[in-house]
Amino acid sequence: MYFGKKNSEEPVTIIEDTIVFACETETCNGWMRKEFVADNETCPMCGGKLVEEIRELPKIQTEYNSYR
């Protein structure tokens, strides 16, 4: 009998420096990746101004391969 292993390997998380925009208001924790920022660059949670930062975040997978 054959018992196959079904994707027993865990996917590797790649951490990379990512440009994000973070709210400069003291009481707000809002931030978002550069790809998702609106043109007006205001915080969607509090309406404050967003400033550019660099953070180490997991890479977003943009391509999907169903045979992996």
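The protein chain exposes about 6500 Å², and carbon and sulfur atoms supply 49% of that area. The model behind these values is a predicted one. Of the chain's 68 residues, 21% count as buried. As for how contacts spread along the sequence, take those between residues at least 6 apart: 59% of them join residues at least 24 apart.

On to the secondary structure, which is quickly listed. The protein chain has zero helices and three strands, so its elements, read from the N terminus on, simply go β-β-β. The three strands come together in an open sheet, with S2-S1-S3 as the order and antiparallel as the pairing. Strand S2 (31-33) and strand S3 (50-58) sit at the edges, each of them pairing on one side only. From one strand to the next, the twist averages 40°. As general background, the strands of a sheet pair through backbone hydrogen bonds, and this can happen in a parallel or an antiparallel way.

The two pairings can be taken one at a time. Strand S1, made up of residues 15-23, is joined to S2 by three bridges, and the two run antiparallel. One handy landmark here is Ala 22, whose bridge partner in S2 is Trp 31. On the S3 side, S1 pairs over nine bridges, again in the antiparallel sense. Asp 17 serves as a landmark for this second pairing: its bridge partner in S3 is Glu 56. In a regular strand, side chains alternate between the two faces of the sheet.

What about charged pairs? A search of the whole structure turns up one salt bridge. The salt bridge links Glu 53 with Arg 55, and the closest N and O atoms are 3.2 Å apart. That separation fits the criterion, because a side-chain nitrogen of Lys or Arg has to lie within 4 Å of a carboxyl oxygen of Asp or Glu. Are the two partners buried or exposed? Glu 53 has 31% relative accessibility and therefore counts as partly exposed. Arg 55, at 27% relative accessibility, also counts as partly exposed. Both labels follow because buried means under 20% and exposed means over 50%, with partly exposed in between.

Put together, the picture is a sheet of three strands in the order S2-S1-S3, with one salt bridge found in the whole structure.

Notes. Residues are numbered from 1 along each chain as its sequence is written. This is a predicted model: local features need pLDDT of at least 70, side-chain atom pairs count only at pLDDT 80 or more; totals for chains, interfaces and linings use all residues. Side-chain values use heavy atoms; hydrogens and water are left out. Two strands pair if DSSP finds at least two bridges between them. Helices (H or I, at least four residues) and strands (E, at least two) are DSSP runs, numbered from the N terminus. Axes are lines fitted to C-alpha atoms, for helices over the stretch in contact, and angles run from 0 to 180 degrees between N-to-C directions. Buried means under 20% relative accessible area, exposed over 50%, partly exposed in between (1.4 Å probe, protein chains only). Contact means heavy atoms within 4.5 Å. Accessible areas come from the Shrake-Rupley method with a 1.4 Å probe; for residues, only the protein chains shown count as cover.
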